[in-house]
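The following exercises are meant to be worked through with the sequence and the model side by side. Please try each task before reading its solution.

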Amino acid sequence: MLPINRSKTQARRYYDRISSFYQTLTSSEGGILLQGVERLAVQPGERLLEIGCGPGTGLKLIAETTPGIEAIAGLDLSLKMLRQSQRKQISPIPHYIQGDGAHLPLASEAFDALFSAFTLELFSEEDIHRVLGECRRVLKPNGRLGIVSLVGSPRTLSVRLYELAHRLFPIAVDCRPIPVADLLEQNGFYIQTAEKTLNWGLPVMITVSTKRHY
Ligand SMILES: C[S@@+](CC[C@H](N)C(=O)[O-])C[C@H]1O[C@@H](n2cnc3c(N)ncnc32)[C@H](O)[C@@H]1O
């Protein structure tokens with residue numbers, strides 16, 4: 001896994017700066033987010049948190065496809081991203097939290113479902129373990145974790161060129177492919193469904209996992 005060579009302050013400033021046009025910039029990811037939301041299949045009466053909710057594309061899809069959802073929360077490092085999400089007037093109104101996914105300021109076993117798309121790849125390897133540990137903590141015993149992430153296999157030319165861009169421009173190209181299935185298993189999750197798709201030729205994995213009970 002490639003290192004992350006930028007600080008969280010740099011990440012926050014970068015996402016603040018691009019918040020107003022991020023959704024247009026990443027419009028090709030809309031169908032993949034929808035697929036991730038459909039696989040997670042949030043049910044009426046459930047409580048959901050999205051980590052790295054950005055401008056609220058995922059939160060809006062979840063709210064629209066889950067009538068009767070009890071509560072929605074979105075956490076992001078960038079306040080300006082959260083403001084973009086607020087402008088979408090999602091119903092029920094999400095609870096927004098500006099914070100770091102590696103240290104969730106939330107009670108244990110508070111959520112039935114967690115969702116995170118194109119965000120786990122932004123954390124250092126050490127922090128990915130922290131994020132997944134926090135996911136285990138805030139999920140109810142039978143809760144589900146939906147992760148959408150860039151992966152490095154198959155190691156196509158697109159993957160290698162993208163990784164080169166990540167090395168050259170660590171702030172702007174901060175996402176990098178990660179071995180998401182291995183990371184989930186190492187951190188006490190049991191993968192229920194996993195599918196691969198492509199975004200601009202880059203492999204993306206859509207997973208839904210549950211907590212492994214020891
Ligand atoms: C690549 S964007 C994905 C946004 C959204 N999930 C989507 O797919 O449209 C990554 C998001 O993660 C947020 N982020 C970056 N580092 C974070 C951290 N340490 N904790 C929480 N959010 C973070 C960024 O501000 C940004 O909104």
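Two residues are in contact if their C-beta atoms, placed from the backbone, lie within 7 Å. The model is a predicted one.

**Exercise 1. Describe the overall build of the protein chain, beginning with its secondary structure.**

Solution. Begin with the elements: the secondary structure of the protein chain comes to eight helices and seven strands. Next, take the radius of gyration, which is 16 Å and close to the 17 Å that the globule rule gives for 214 residues, so the chain is as compact as a globular protein of that length. Along the principal axes, the C-alpha atoms fill a box of roughly 45 × 40 × 30 Å. Finally, turn to burial and contacts: 38% of the 214 residues count as buried, and among contacts with a separation of 6 or more, 72% are between residues 24 or more positions apart.

**Exercise 2. Which residues touch the most other members of the largest nonpolar core, and which residues does Phe115 touch?**

Solution. The largest nonpolar core has 43 residues, and Leu48, Ile62, Leu114 and Phe115 are the ones that touch the most other members. Strand S4 gives the most to this core, with five residues. Now apply the contact definition to Phe115, leaving out residues up to four places away in sequence: the residues touched are Gly36, Val37, Leu40, Leu48, Glu50, Gly58, Ile62 and Gly146. A second, separate core of five residues also exists, and Tyr15, Leu77, Met81 and Leu82 are included in it.

**Exercise 3. Is strand S1 mostly covered or mostly open, and in what sense does S1 pair with S2?**

Solution. Counting along S1, four of its five residues are buried, and the strand is therefore mostly covered. The pairing of S1 with S2 is in the parallel sense and runs over five bridges. For one of these strand residues, Leu49, the bridge partner in S2 is Ala73.

**Exercise 4. Which residues come nearest to the ligand, and how do the residues of its shell divide by type?**

Solution. There are 23 residues around the ligand, and those that come nearest are Tyr15, Gly52, Gly54, Ser78 and Gly101. Helix H1 (8-18), helix H4 (57-65) and strand S2 (71-76) are the elements that give two or more residues to this shell, and H1 gives the most, with three. By type, the shell divides into eleven nonpolar, eight polar and four charged residues.

**Exercise 5. Where are the cis peptide bonds that lead into Pro92 and Pro154, and what is unusual about phi in Ala41 and Phe118?**

Solution. Recall first that most residues other than glycine have a negative phi, and that most peptide bonds are trans. Against that background, the bond joining Ser91 and Pro92 is cis, with omega about 0°, and Pro92 is found in the loop between helix H5 (79-86) and strand S3 (95-98). The bond from Ser153 to Pro154 is likewise cis, with omega near 5°, and Pro154 sits in the loop between strand S5 (139-150) and helix H7 (157-168).

For the phi angles, take Ala41, where phi is near 50° and thus positive; this residue is found in the loop between helix H3 (30-40) and strand S1 (47-51). Phe118 also has a positive phi near 50°, and lies in the loop between strand S4 (111-117) and helix H6 (125-138). As a last step, compare their surroundings: Ala41 has 14 C-beta neighbours inside 10 Å and so counts as partly exposed, whereas Phe118, with 21 other C-beta atoms within 10 Å, is buried.

Notes: Residues numbered from 1 in each chain as written. Predicted model: local features only at pLDDT ≥ 70, side-chain atom pairs only at ≥ 80, totals over all residues. Buried ≥ 20, exposed ≤ 12 C-beta atoms within 10 Å, placed from the backbone. Core = buried A, V, L, I, M, F, W, Y, C linked by C-beta atoms within 7 Å. Rg over C-alpha atoms; globule rule 2.2 N^0.38 Å. Near = placed C-beta within 6 Å. Nonpolar A, V, L, I, M, F, W, Y, C, P; charged D, E, K, R; others polar. Pairing = 2+ DSSP bridges.
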